[in-house]
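Thank you all for coming. I would like to take a few minutes to walk through one model, beginning with a single residue and working outwards from there.

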Amino acid sequence: MIRPTLSEAVAALWVAGRLLRFDPVAWRSFDDTPETFWKSFWAALPVLPFYVVMVALHLRAVAATGQPLAAGELELLLIEGLAYVISWTAFPLVLFHLLGAIGKQRRFVPLVASLNWLNVPLAAIGTVAVLLAELQLFGALSGPLRFGVQIYVLVCLTRLVAHALDLRAFGAFAIVLLGVLIDYFLLFATTATLI
């Protein structure tokens, strides 16, 4: 896989920052080339620590229910590692076919690159919100804070998809919801495998 240079990664994260501020044309910073597509998957590297924290919190919640893990440490590592790779590839695969069906295949690479790089700051924001809620640092406001961050993430993703694909909010949200459903399916599948 083609690795981005440090300056390319910084530029891509700058675009992600623009997307966080709902910049309607930031996605156009990514061109429609195979290199842009493959380089964007390097965003999985800075997201990985946040994923590990979220998996640890999820496993702690499962353990709190009294259900023992059936998987050993190596199995856990393999299952969660495979789930991580699938989580980065399943939605783009679905998008490839979906965008082909609606005649928007020229927007596929810029959209996937935007989504991949946007995952970096969204993973950081989401993980911090979950940790703050878990630690109850804001007392009764911890739950609403977490919920507010989840809504913000959905709005960011929906606006990106709407602008990149020239869709109305409902159609864009349906595509985002498809990605969320894929992630929840992976979560439930990995949990079922581990217990």
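Let me start with L111, which touches L95, L99, L160, V161, A164 and L165 when residues up to four places away in sequence are not counted; contact here means heavy atoms within 4.5 Å. Before going further, I should say that this is a predicted model, in which local features need pLDDT of at least 70 and side-chain atom pairs count only at pLDDT 80 or more, while totals for chains, interfaces and linings use all residues. Residues are numbered from 1 along each chain as its sequence is written, and side-chain values use heavy atoms, with hydrogens and water left out.

L111 appears again in the largest nonpolar core, which has 45 residues and in which L95, L111 and W117 have the most contacts. By such a core I mean a set of buried Ala, Val, Leu, Ile, Met, Phe, Trp, Tyr and Cys residues joined through side-chain atoms within 4.5 Å, and by buried, under 20% relative accessible area, taken with a 1.4 Å probe and protein chains only. At least two residues of this core come from each of helix 1 (6-20), helix 3 (44-64), helix 4, helix 5 (108-135), helix 6 (142-165) and helix 7, the helices being DSSP runs of H or I, at least four residues long, numbered from the N terminus. Helix 5 supplies the largest share, twelve residues. There is also a second, separate core of five residues, including V55, L59, I79 and L194.

Staying with helix 5, L118 is found there and is buried, with a relative accessible area of 0%. Leaving aside neighbours within four places in sequence, L118 is in contact with A16, L19, L20, L157 and L160, and its C-alpha atom is separated by 8.1 Å from that of V15, 103 residues apart along the chain. N116 also lies in helix 5 and is buried at 4% relative accessible area, in contact with S40, F41, A43 and W88 once its neighbours within four places in sequence are left aside.

Finally, how do helix 4 and helix 7 pack? Helix 4 (residues 73-101) and helix 7 (residues 169-194) pack at an angle of about 155°, with their axes 10 Å apart; the axes are lines fitted to C-alpha atoms over the stretch in contact, and angles run from 0 to 180 degrees between N-to-C directions. That makes the two helices roughly antiparallel, a term used for angles over 145 degrees.

Conventions:
Angles under 35 degrees count as roughly parallel, over 145 as roughly antiparallel, 65 to 115 as roughly perpendicular and the rest as oblique. Buried means under 20% relative accessible area, exposed over 50%, partly exposed in between (1.4 Å probe, protein chains only).
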